Amino acid sequence: MGVGLKTEELKLVKDYILLPLLLDVVENDRSILSTAALKMPAITNVLVNRLQKAALADLTQVRKNMRDLGLKVYEQKKTHLGVEVEFLFRGYHHNLSMLWGLVDTEIEQKSYTYLGLDIADKRRES
């Protein structure tokens with residue numbers, strides 16, 4: 001952890017990275033599902049909309065909290081290994097890297113949470 005950086009601030013930066021990626025995944029899945037011959041498209045749309053609405057609300061709150069704290073991301077890039085961000089907080093420059101495997105896991109966990117599901121159920125069903 002960087003100088004003067006608490007767990008809460010680090011979580012804000014992680015969410016700042018993850019939530020737009022989650023929204024991209026949801027939008028991609030929505031376009032795929034729109035062309036599929038689903039038996040219950042209304043239920044699928046409700047779930048996708050709920051997921052998108054929750055992620056957007058959280059992203060809005062994350063951005064507000066970051067603004068209130070003076071935490072500013074000034075560079076973000078996707079690499080073949082993962083996502084990297086550089087940010088400024090309390091006059092110090094920090095960086096955070098997340099590998100794609102971790103990003104995928106975190107996005108999946110957030111999706112389950114937003115839908116009110118337990119990710120442990122996925123493991124039991126497999």
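**Notebook: salt bridges and a buried lysine**

I began in helix α2 (residues 41–69), where K64 and D68 both lie, four residues apart, about one turn of the helix. The model I am reading is a predicted one, and I keep that in mind for each entry below.

**K64 and D68.** I looked up the pair itself and found that K64 forms a salt bridge with D68, with the closest N and O atoms 2.8 Å apart. I then checked how far each partner is open to the outside: K64 is partly exposed, at 38% relative accessibility, whereas D68, with a relative accessible area of 53%, is exposed, because the exposed class begins over 50%.

**R30 and E27.** I moved on to helix α1 (residues 7–35), which holds both R30 and E27, three residues apart, about one turn of the helix. Their side chains meet in a salt bridge, for which I noted 3.7 Å from N to O. For R30 I read a relative accessible area of 21%, which makes this arginine partly exposed, since buried would require a value under 20%. E27 counts as partly exposed as well, at 38% relative accessibility.

**K77 and E84.** I looked next at K77 and E84, whose side chains meet in a salt bridge at 3.9 Å, N to O; the cut-off for such a pair is 4 Å, so this one is counted. K77 is partly exposed at 36% relative accessibility, and E84 is partly exposed with a relative accessible area of 31%. Turning from this pair to linked ones, I found that K11, D15 and K110 are joined into one network by salt bridges that share partners.

**K110.** Which helix holds K110? I located K110 in helix α3 (residues 100–114). Is K110 buried or exposed? I recorded a relative accessible area of 15% for K110, and this lysine is therefore buried, as the value falls under 20%. The side chains of K110 and D15 are joined by a polar contact of 3.0 Å. I also listed what else K110 touches: setting aside neighbours within four places in sequence, K110 is in contact with K11, D15, L18, L19 and L22. I noted that D15 and K11 thus appear both among these contacts and in the network with K110.

**Tally.** I closed by looking up how many salt bridges the model has by this rule, and the count comes to six. As a reminder to myself, side chains of opposite charge can pair when their charged atoms come close.

Definitions and conventions: Residues numbered from 1 in each chain as written. Predicted model: local features only at pLDDT ≥ 70, side-chain atom pairs only at ≥ 80, totals over all residues. Heavy atoms only, no water. Helix = DSSP H or I, 4+ residues; strand = E, 2+ residues; numbered from the N terminus. Buried < 20%, exposed > 50% of the residue type's maximum accessible area, 1.4 Å probe, protein only. Polar contact = N/O pair within 3.5 Å; in protein donor to acceptor, adjacent residues only side chain to side chain. Contact = heavy atoms within 4.5 Å.
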